[in-house]
Amino acid sequence: MILCANPRRQYLARKDEIDDAVMRVLNQGRYILGEEVKALESEFAAYIGVEYGIGVGSGTEGLHLALKACGIGVGDEVITVSHTAVATVAAIEQAGATPVLIDIEPDFFTIDSRKIATVITPRTKAIIPVHLYGQAVDLDPILEIAGENDLKVIEDCAQAHGATYKGRRVGSYGDLACFSFYPTKNLGALGDGGMVVTDQPELAHRVRLLREYGWEERHISLLPGWNSRLDEVQAAILRIKLRYLDQDNTARVCIAAMYRDGLKGCGGISLPTYRQEAGHVYHLYVVRAPRRDALKQHLKDKGIAALIHYPVPVHHHPAYRGRLAGRENLMETERAAPEVLSLPIYPELKKKDIQAVIEAVRTFV
């Protein structure tokens with residue numbers, strides 16, 4: 001079976017270095033918020049181009065803590081999209097705020113900045129743009145709207161490690177930005193993990209307090225907080241993988257180019273569209289197909305595990321159906337959901353497997 005993503009293959013590619021890093025942590029004897037986490041926080045922040053990094057338990061928890069660090073909670077509204085991982089919306093509700101959903105751009109699947117002004121109210125406190133599939137949101141108009149309306153911008157970078165917008169890495173534009181280190185991400189741990197980054201010292205300080213019960217001095221809570229700590233083993237693994245992130249992203253770009261060349265002119269599917277001012281890192285390679293479910297089954301029959309990101313917009317999930325603001329005007333979201341399909345892509349994907357995917361898609365369409 002050709003998998004859509006393969007974290008085990010990446011572990012095997014760096015096995016000796018990862019094993020050594022894990023053993024180093026085990027032998028040191030400190031397993032929570034030690035020197036490995038501090039080093040990763042510094043190294044990852046430098047990679048993104050910001051001053052501060054705060055390791056947390058997951059990308060979802062990063063969004064939650066970022067919102068709380070901004071003082072956002074009950075009675076506040078946060079603008080984002082429905083075509084995203086449910087984690088984005090779940091984090092907003094976990095903070096006590098109300099998600100307000102707007103539509104996506106049809107070409108890029110990311111937030112349509114033209115729709116933001118139509119849903120701003122006196123209760124609006126923040127915008128969460130989601131950099132999707134490895135490609136950046138068009139950030140300039142969002143930052144302009146946020147500045148005009150005194151709104152925080154919290155970038156959801158869970159699928160965009162290393163992606164750029166106008167020459168800078170995503171995560172360096174908003175008031176805060178949140179990354180997931182889920183194993184299938186471009187920079188993935190061997191378990192859960194996340195990072196909040198920012199250039200603002202006060203926000204960094206608040207996130208650092210909130211991730212561990214509000215402690216500045218151990219066992220003394222300065223403000224109500226939570227338990228969301230990145231552990232030393234995952235931090236050590238991520239430090240190894242961070243060294244290879246640009247190399248791995250280059251491999252993803254090469255695979256995407258092979259798909260583009262191999263599927264060019266192939267009727268029945270639409271290939272990804274690229275934002276001119278953005279540097280795509282292809283967390284996912286997503287095509288659109290009117291007969292998506294039949295294509296997915298055809299690929300499965302050929303031993304290819306294509307996946308759907310995302311089959312159900314958040315506002316249609318049973319947990320959220322009928323109660324999320326903005327859900328009435330999501331036409332592009334509704335059009336995309338039954339058509340998107342993610343083809344296999346990861347740095348270690350073999351050329352023969354890429355060709356097998358191309359041939360299988362061509363035989364279907």
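Ten charged residues, together with five nonpolar and two polar ones, make up the lining of the second largest pocket in this predicted model. That pocket encloses about 330 Å³ of space, and of its 17 lining residues those nearest the centre are Arg30, Leu33, Arg208, Arg211 and Glu212. Helix H3 (35-48), helix H7 (201-210) and strand S10 (215-217) are the elements that give two or more residues to this lining.

The largest pocket holds about 450 Å³, and among its 28 lining residues Ala85, Ser180, Tyr182, Lys185 and Tyr310 are the closest to the centre. At least two lining residues are supplied by each of helix H4 (59-69), helix H5 (86-94) and strand S8 (176-180), with H4 providing the largest share, namely three residues. The two pockets are set side by side below.

| Pocket | Volume | Lining residues | Nonpolar | Polar | Charged |
|---|---|---|---|---|---|
| Largest | about 450 Å³ | 28 residues | 14 residues | eleven residues | three residues |
| Second largest | about 330 Å³ | 17 residues | five residues | two residues | ten residues |

**Nonpolar cores**

In soluble globular proteins, nonpolar side chains tend to be buried together. The largest nonpolar core in this model comprises 81 residues, and Phe44, Tyr259, Leu299 and Leu343 are those with the most contacts inside it. Leaving aside neighbours within four places in sequence, Phe44 is in contact with His161, Phe179, Phe181, Leu187, Met195, Val197 and Leu242. Another core, of 26 residues, lies apart from the largest one and includes Leu65, Ala66, Ile128 and Ile154.

**Val56 in strand S1**

Val56 belongs to strand S1, which covers residues 52-56. Its relative accessibility is 0%, and Val56 therefore counts as buried, the criterion being a value under 20%. When residues up to four places away in sequence are not counted, Val56 touches Gly62, Leu65, Gly193, Gly194, Met195, Val196, Arg211, Ser228, Arg229 and Leu230. Among these partners, Arg211 is also one of the residues nearest the centre of the second largest pocket. Between Val56 and Leu67, which are eleven residues apart in sequence, the C-alpha to C-alpha distance is 14 Å.

**Two helices with a buried face**

An α-helix has 3.6 residues a turn, so residues three or four places apart point the same way. In helix H6 (residues 139-149), the buried residues include Leu139, Ile142, Ile145 and Ala146. Seen down the axis of H6, the buried residues fall within an arc of 130°, so they line one face of the helix. Glu144, Gly147 and Glu148 are exposed on the face turned away from that buried side, whereas the cover over the buried residues of H6 includes strand S4 (124-127), strand S5 (152-156) and strand S6 (164-165). After H6 comes Asp150, with a positive phi near 55°.

Helix H10 (residues 292-301) has Arg292, Leu295, His298 and Leu299 as buried residues. These cover an arc of only 120° around the axis, which puts them on the same side of H10. Leu299 is also among the residues with the most contacts inside the largest nonpolar core. Strand S14 (340-343) and helix H12 (351-364) pack against the buried residues of H10, while Asp293, Lys300 and Asp301 are exposed on the other side of the helix. Gly303, which follows H10, has a positive phi near 80°.

Notes: Residues numbered from 1 in each chain as written. Predicted model: local features only at pLDDT ≥ 70, side-chain atom pairs only at ≥ 80, totals over all residues. Heavy atoms only, no water. Core = buried A, V, L, I, M, F, W, Y, C linked by side-chain atoms within 4.5 Å. Buried < 20%, exposed > 50% of the residue type's maximum accessible area, 1.4 Å probe, protein only. Contact = heavy atoms within 4.5 Å. Helix = DSSP H or I, 4+ residues; strand = E, 2+ residues; numbered from the N terminus. Arc of directions from axis to C-beta. 1 Å grid on protein atoms, 1.4 Å probe; cavity = no way out; pocket = protein on both sides within 12 Å on 5 of 7 lines; lining within 4 Å. Points joined across faces, edges and corners; volume = space filled by probe spheres on them. Nonpolar A, V, L, I, M, F, W, Y, C, P; charged D, E, K, R; others polar.
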